[in-house]
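This report walks through selected local features of one protein model. Please keep the sequence and the 3D view open while reading.

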Amino acid sequence: MKASKTMKDIQFLIKNSGLDLDETLKRTKLILGLYPTICWVTAERANDLQERLLCQSKELDVSLEFFIEYIGRDKENEQISKIRSLFHTRWLIDIVNTALMKIKAYPIYGETYHNIISSVYTGTEKSTEQDMLSALNIDRSIYYARKKEALLLVGYCIWGDLIPSYMENNLYSDSTLIVS
């Protein structure tokens, strides 16, 4: 099938950012495929951490003071590593969520792209191909073209826009989180 103007525009964005199309598509599928599990695990870890901190004290302020004092004593502590990991994961979730908001605002098919990604990858209930075809009222070939465009656009938002912007503005400085 011949690439649509929209696909060509998205490919231009990706190439202009110095990204490889195939690698961007592969990374995006990987991160979106893991997204629901990452969110679930992060919520579990955050709840566990909160319980541990509150076990030290029934007052949150006292718990936070304990935590701050705890950090000062031992920077390589296992608990500190868990907290750092939790923040790393939270950062990644925020980036994906922001990318989803950005694709929804994309001027051409933005709402469709968002619906596809939300229904197939990030939602709690996964939609089947048939569900998507019915919901979007499009045929199979158009659906797969829009799905690929959506995935590439999410990839551009993550690796071509958001991560470089976060790092440039010192909102996050750990380049090891750039999925490779």
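The sections below cover salt bridges, two threonines, a cavity, a covered helix and two unusual backbone angles.

## Basis of the report

The model is predicted. Local features are described where pLDDT is at least 70, and side-chain atom pairs where pLDDT is 80 or more.

## Salt bridges

How many salt bridges does a search of the whole structure find? The search finds seven. Three of them are described here, starting with helix 1.

Side chains of opposite charge can pair when their charged atoms come close. Lys5 pairs with Asp9 in this way, with 3.2 Å between the closest N and O atoms. Both residues belong to helix 1, which spans residues 5-16. They sit four residues apart, about one turn of the helix. Lys5 is exposed, because its relative accessibility of 61% is over 50%. Asp9 has a relative accessible area of 27%, so it is partly exposed.

Helix 2 covers residues 21-56. Here Glu23 takes part in two bridges. One is with Lys26, where the closest N and O atoms are 3.6 Å apart. The other is with Arg27, at 3.8 Å from N to O. Glu23, Lys26 and Arg27 are thus joined in a network of salt bridges.

Why can Glu23 meet these partners along one helix? An α-helix has 3.6 residues a turn, so residues three or four places apart point the same way. Lys26 is three residues from Glu23, so about one helical turn separates them. Arg27 is four residues from Glu23, again about one helical turn. Lys26 is exposed, with a relative accessible area of 53%. Glu23 is partly exposed, at 29% relative accessibility.

## Two buried threonines in helix 2

Is Thr24 buried or exposed? Thr24 lies in helix 2. Its relative accessible area is 3%, and buried means under 20%, so Thr24 is buried. Beyond residues up to four places away in sequence, Thr24 touches Ile14, Leu19, Leu152, Gly155, Tyr156 and Trp159. Ile14 is 10 residues from Thr24 along the chain, and their C-alpha atoms are 8.2 Å apart.

Thr28 is also found in helix 2. Thr28 is buried, with a relative accessible area of 0%. Its side chain reaches the backbone oxygen of Thr24 at 2.7 Å. Neighbours within four places in sequence aside, Thr28 contacts Leu151, Val154, Gly155 and Trp159. Gly155 and Trp159 therefore appear in the contact lists of both Thr24 and Thr28, where contact means heavy atoms within 4.5 Å.

## The cavity

The structure holds one cavity of 30 Å³ or more. Its volume is about 30 Å³. Which residues line this cavity? The lining consists of Ile31, Tyr35, Ile38, Leu92, Ile93 and Val96. Helix 2 and helix 4 are the elements that give two or more residues to this lining.

By class, the lining has six nonpolar residues. It has no polar and no charged residues.

## Helix 5

Helix 5 runs over residues 110-122. It is mostly covered, with 10 of its 13 residues buried. Which residues of helix 5 are buried? They are Gly110, Tyr113, His114, Ile116, Ile117, Ser118, Ser119, Val120, Tyr121 and Thr122.

## Positive phi angles in two loops

Most residues other than glycine have a negative phi. Tyr109 has a positive phi of about 65°, yet is not a glycine. Where does Tyr109 sit? Tyr109 lies in the loop between helix 4 (78-104) and helix 5. At 37% relative accessibility, Tyr109 is partly exposed.

Asn137 also has a positive phi, of about 55°, and is not a glycine. Asn137 occupies the loop between helix 6 (129-136) and helix 7 (140-168). Is Asn137 buried or exposed? Its relative accessibility is 69%, so Asn137 counts as exposed.

Conventions. Residues are numbered from 1 along each chain as its sequence is written. Side-chain values use heavy atoms; hydrogens and water are left out. Buried means under 20% relative accessible area, exposed over 50%, partly exposed in between (1.4 Å probe, protein chains only). A salt bridge is a side-chain nitrogen of Lys or Arg within 4 Å of a carboxyl oxygen of Asp or Glu. On a 1 Å grid over the protein atoms alone, a cavity is a set of points where a 1.4 Å probe fits but cannot get out, and a pocket is an open set with protein on both sides within 12 Å along at least five of seven lines; lining residues have an atom within 4 Å of a point. Grid points are joined across faces, edges and corners, and a volume is the space filled by probe spheres set on the points. Ala, Val, Leu, Ile, Met, Phe, Trp, Tyr, Cys and Pro count as nonpolar, Asp, Glu, Lys and Arg as charged, and the others, Gly among them, as polar. A polar contact is a pair of N or O atoms within 3.5 Å; within protein, one must be able to donate a hydrogen and the other to accept it, and residues adjacent in sequence count only if both atoms are side-chain atoms.
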